[in-house]
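Open the model in your viewer, set a cartoon representation, and keep a selection box at hand. The stops below go from one selection to the next, and each says what to look for there.

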Amino acid sequence: EDMLTTEQIENARRKKIHERPQILFLGANFKPNYEGVRWFVNNVMDNLDCDLKIVGRKFEDCRKELSRPNVEVIGGVDNTTQYLLDADFVIAPIFTGSGMKVKTAEALMCGKTIFGTSEAFEGYEIDYERVGGLCNTADQFIEKITNAVESKKIQVFNEYSRAIFLERYSNDFAVKQFSEVVGRVE
């Protein structure tokens, strides 16, 4: 199911990258997300000329630990879509877990450039370079993000990500959401 309005998409297409690029990490505070974002903050952020927002349920509990001059821990919010649309790009430093990540589908739905690990892209058939970059080490995240920002290749609205979502994942995404709800009812 596509949850964006035509107006949201048009506004996103008009957006220009912030003077200081705004990165978003989106996901609830559970072990794989916590470990991944903590690793990113400790190993990557000092090497980027960007700001990171961490949005997700219960991450407010980590504000003291994860906050830095260039890292803002927002925590739980009612509307994650607005944060996705406002961000210049998304990171998904996920190293453990299983199955397709809903956060990856949400970022694709919102036309986001994504820099993520093999685990974050598990099950997605995409061109990593067009969607952003496949990064499994700190050096890869630093290099790919820095190169994309400096070469002005970051599109705040990534048409490729959006097209891939509509073409391949919107129905799967809806079916997955539906089956999770049904699974909880049983």
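Begin by selecting strand S2, residues 51–55, which is mostly covered in this predicted model, since four of its five residues are buried. Keep S2 highlighted and add S1, residues 22–26: the two strands pair in the parallel sense over five bridges, and within this pairing Leu 26 has Val 55 in S2 as its bridge partner. To follow the chain between these two strands, trace it from S1 through H2 to S2, a β-α-β crossover that is right-handed.

Now add S3, residues 71–75, which runs parallel to S2 and is joined to it by four bridges. Val 55 is a useful residue to label here, because its bridge partner in S3 is Gly 75, while Leu 26 in S1 is also a bridge partner of Val 55.

Next, select the whole sheet. Six strands form it, in the order S3-S2-S1-S4-S5-S6, and the sheet is open, with parallel pairing. Which strands stand at the edges? They are S3 and S6, the latter covering residues 132–134, and each has a single partner strand, so one side of each is left without a neighbour in the sheet. If you turn the view to look across the strands, the twist to expect averages 20° from one strand to the next.

With the sheet still shown, bring back H2, which packs on it and touches S1, S2, S3 and S4; the direction of H2 makes about 165° with that of S2.

Move on to S4, residues 89–92, and display its side chains: Phe 89 and Ile 91 point one way from the strand, Val 90 and Ala 92 point the other way, and all are buried. On one side S4 pairs with S1 in the parallel sense, over two bridges, and Ile 23 stands opposite Phe 89 there. S4 is also joined to S5, residues 114–116, by three bridges, and these two strands run parallel, with Val 90 standing opposite Ile 114 in S5. Between S4 and S5 the chain passes through helix H5, residues 102–109, and this β-α-β crossover is right-handed.

Return to H2 and select residues 31–43. How far apart are the end C-alpha atoms of H2? They are 18 Å apart, which agrees with the 18 Å that its 13 residues should span at 1.5 Å a residue. Colour the buried residues of this helix, namely Pro 32, Asn 33, Tyr 34, Gly 36, Val 37, Phe 40 and Val 41.

Two of these residues deserve a closer view. For Tyr 34, which is placed in helix H2, leave aside its neighbours within four places in sequence, and the residues in contact with it are Asn 29, Phe 59, Cys 62 and Glu 65. A distance label between the C-alpha atoms of Tyr 34 and Glu 65 should read 11 Å, although the two residues are 31 apart along the chain.

The other is Phe 40, and it leads to the rings. The structure holds seven aromatic pairs, one of which is formed by Phe 40 and Phe 141, edge-to-face, with 5.3 Å from centre to centre and 85° between the planes. This pair links distant parts of the chain, for Phe 40 lies in H2 and Phe 141 in helix H7, residues 138–150, 101 residues apart. Are the two rings' residues buried or exposed? Phe 40 has a relative accessible area of 0% and is therefore buried, and Phe 141, at 0% relative accessibility, also counts as buried. Widen the selection to Trp 39, Phe 40, Phe 95 and Phe 141, which ring pairs link into a cluster.

For the last stop, select Phe 121 and Tyr 128, whose ring centres are 5.3 Å apart and whose planes stand at 50°, so that the pair is tilted. Phe 121 counts as buried at 1% relative accessibility, whereas Tyr 128, at 29%, counts as partly exposed.

How values were computed
Residues are numbered from 1 along each chain as its sequence is written. This is a predicted model: local features need pLDDT of at least 70, side-chain atom pairs count only at pLDDT 80 or more; totals for chains, interfaces and linings use all residues. Side-chain values use heavy atoms; hydrogens and water are left out. Rings of Phe, Tyr and Trp (its six-membered ring) pair if their centres lie within 6.5 Å; planes under 30 degrees apart count as stacked, over 60 as edge-to-face and the rest as tilted. Buried means under 20% relative accessible area, exposed over 50%, partly exposed in between (1.4 Å probe, protein chains only). A crossover is right-handed if, with the strands pointing away from the viewer, the path from the first strand over the helix to the second runs clockwise. The expected span of a helix is 1.5 Å times one less than its number of residues. Axes are lines fitted to C-alpha atoms, for helices over the stretch in contact, and angles run from 0 to 180 degrees between N-to-C directions. Contact means heavy atoms within 4.5 Å.
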